[in-house]
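This report looks at one strand and its partners, and then at the enclosed spaces of the same model.

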Amino acid sequence: MMVLRNILLSIAFCLTTFSLAQASNLQLSNLDEVSANTAAGTITFSFNLTQDNSWRNQTNYDAVWIFMKFSTDGGATWKHASMAGSGVNPSGFTIPTQFQSQFEFMVPADQKGFFLQRSGQATGNITLTNLQFVWNYGLDGVSAAVAQAANTLHTIYGIEMVYIPQGAFYAGDGSLNSSTEYAFTQGSGVNTPWYIQNENSIQTTAGASGGYYYQNTGAKGDEFPTGASFLIPASFPKGYGAFYLMKYELTEGQWVAFFNTLPPTAKPFRDITSGNARIGGKNSQSVVNRNTISWNSAVPTSPATTLRPSRPVSFLSWPDVAAYAEWAALRPVTELEYEKAARGTDNPPTPGEFVWGTASITAPGPGDINPNTDENGAEILSDTANINSNALAWSSGDGRSGGIAAGQTGPLRVGIFAASVANSTNPRVSSGAGFYGNMELSGNLAEPVVTVGRPEGLNFQGTNGTGNLTSLGFATNSDWPGMDSNNTNGVDMTIGTGYRGGDFQSPNSTVYATSARTYAVKDPDSQNCAERYDPSCGVFQGGRLGRSAS
């Protein structure tokens with residue numbers, strides 16, 4: 001009889017797109033074996049899922065990316081499980097009869113997991129029981145005897161995603177006098193933004209108008225100069241093609257779940273509580289900038305813990321983010337994809353606009369966390385706001401006198417702006433949402449992206465993670481920025497990356513603009529800064545990842 005783990009993942013809060021924004025909870029539970037087919041090398045599992053405020057409309061939809069890890073040694077090491085079949089509702093992937101016309105499974109061609117998503121237009125809460133999927137253990141090189149052994153364990157994980165549909169869009173916002181720093185324009189003499197209308201290669205030029213003009217951001221190293229002529233390859237994801245993007249920033253709960261599956265050899269390299277001189281980190285087991293993660297490195301087999309699982313995880317480096325992407329079979333996103341997700345298809349930009357589509361900001365006050373007690377993932381703001389900015393020293397919630405983060409600056413829990421909206425005629429603006437429903441794309445923590453401003457970024461081809469890391473916990477995709485030049489260590493550098501959207505401490509509101517490229521090329525290694533966080537560089541990055549839709 002197989003030993004199975006029951007899973008209960010509370011992941012984030014949700015936006016009901018183009019309707020009133022409400023809080024959401026995703027829970028996966030009751031993982032169980034249904035049947036085994038030794039001839040086919042497969043096992044069918046069942047599980048339950050609940051989610052609040054899921055949606056599908058004529059524009060797009062949300063989805064849950066679900067994947068499984070298995071251990072054949074009682075939990076000492078974990079590997080990624082392959083699904084059986086691919087496409088929409090492959091054989092053995094079963095939805096209860098009464099819901100089959102409303103939901104669908106979609107298994108990508110690489111079989112690294114599956115999406116559960118609505119198949120028809122609707123909005124509301126989901127409660128689904130006895131959902132079934134099929135593990136192809138033969139594809140993973142596991143024998144029938146081992147797959148069904150008593151010490152073989154299984155765990156499933158779920159991440160809320162948003163489908164970003166194919167379509168043309170504008171990159172750059174047409175601001176006058178370069179008020180949106182280093183935004184894309186069509187020439188040296190115009191402010192007209194780039195128009196991305198396919199995934200073909202793009203040749204930048206030095207012309208005055210009518211082309212694709214690049215503005216240097218002042219980053220150190222090999223950033224392309226202003227007016228440079230270079231090719232953005234057809235293989236580089238430009239945002240025109242469809243893709244999935246995480247609805248929320250990566251949370252402490254998700255990071256700890258990932259970290260605790262790593263072998264002891266890998267954990268020191270992914271330990272964000274350390275203070276390594278080159279890599280940096282929190283350098284504390286206490287709460288710092290509202291980060292509550294702790295891990296006892298003296299006992300490598302011990303689990304990491306978090307006191308606030310729904311809070312975005314800070315003190316991440318690009319290699320950390322890439323490792324999580326590899327592990328979850330996701331991928332990094334490009335700065336062009338960031339603008340597409342924020343602005344939407346064929347929406348002429350407003351000069352200086354933020355991700356919610358206007359050029360104005362509504363920030364909370366330091367005493368607005370409600371209730372004024374320990375934060376439990378259900379806290380809201382007492383006043384409507386759409387961004388966490390200006391290094392607010394919180395005096396409420398965990399920031400109150402006597403709280404675990406008294407007076408500290410730092411990120412707010414994911415989805416808090418949407419959950420704080422009581423009524424609104426424009427919920428996108430009120431909740432700070434991107435066009436398609438992704439939350440906190442501006443402020444809170446900076447969004448890590450692959451840049452177009454360096455050759456190292458343009459090598460990126462949008463490959464998805466394989467699910468498996470090196471023994472030291474590094475991602476292995478050779479096209480991802482930061483790949484070791486000898487292809488031995490994996491993704492252990494940062495050159496070719498940057499940030500969009502600003503973070504909670506950005507002092508200049510222009511950094512938060514959708515098209516602002518202030519830090520789009522300024523990765524830590526090129527700037528001679530510590531990778532996780534360096535006060536001299538001043539950017540707290542989070543994690544938000546995508547997956548190609550094909």
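A residue counts as buried when its relative accessible area is under 20%. In this predicted model, 5 of the 5 residues of strand E6 (residues 103-107) are buried, so the strand is largely enclosed by the rest of the structure. Cover is found on both faces of E6, with Phe-103, Phe-105 and Val-107 buried on one side and Glu-104 and Met-106 buried on the other.

Strand E6 also takes part in two pairings, which are set out below with one bridge partner for each.

| Pairing | Sense and bridges | Residues facing each other |
|---|---|---|
| E5 (residues 87-88) with E6 | antiparallel, 2 bridges | Val-88 and Met-106 |
| E6 with E7 (residues 114-118) | antiparallel, 4 bridges | Phe-103 and Arg-118 |

Between E6 and E7 the chain forms a hairpin with 6 residues between the strands, and within this hairpin Gln-111 takes a positive phi near 60°.

Turning to the enclosed spaces, the model holds 4 cavities of 30 Å³ or more, and the largest cavity contains about 60 Å³ of space. Its lining is made up of Leu-245, Val-333, Tyr-338, Ala-341, Leu-441, Glu-447, Pro-448, Val-449 and Arg-544. Helix H4 (335-343) and strand E17 (447-450) are the elements that give two or more residues to this lining, and E17 supplies the largest share, 3 residues. By residue class, the lining of the largest cavity divides into 7 nonpolar, no polar and 2 charged residues.

Methods. Residues numbered from 1 in each chain as written. Predicted model: local features only at pLDDT ≥ 70, side-chain atom pairs only at ≥ 80, totals over all residues. Heavy atoms only, no water. 1 Å grid on protein atoms, 1.4 Å probe; cavity = no way out; pocket = protein on both sides within 12 Å on 5 of 7 lines; lining within 4 Å. Points joined across faces, edges and corners; volume = space filled by probe spheres on them. Nonpolar A, V, L, I, M, F, W, Y, C, P; charged D, E, K, R; others polar. Buried < 20%, exposed > 50% of the residue type's maximum accessible area, 1.4 Å probe, protein only. Pairing = 2+ DSSP bridges.
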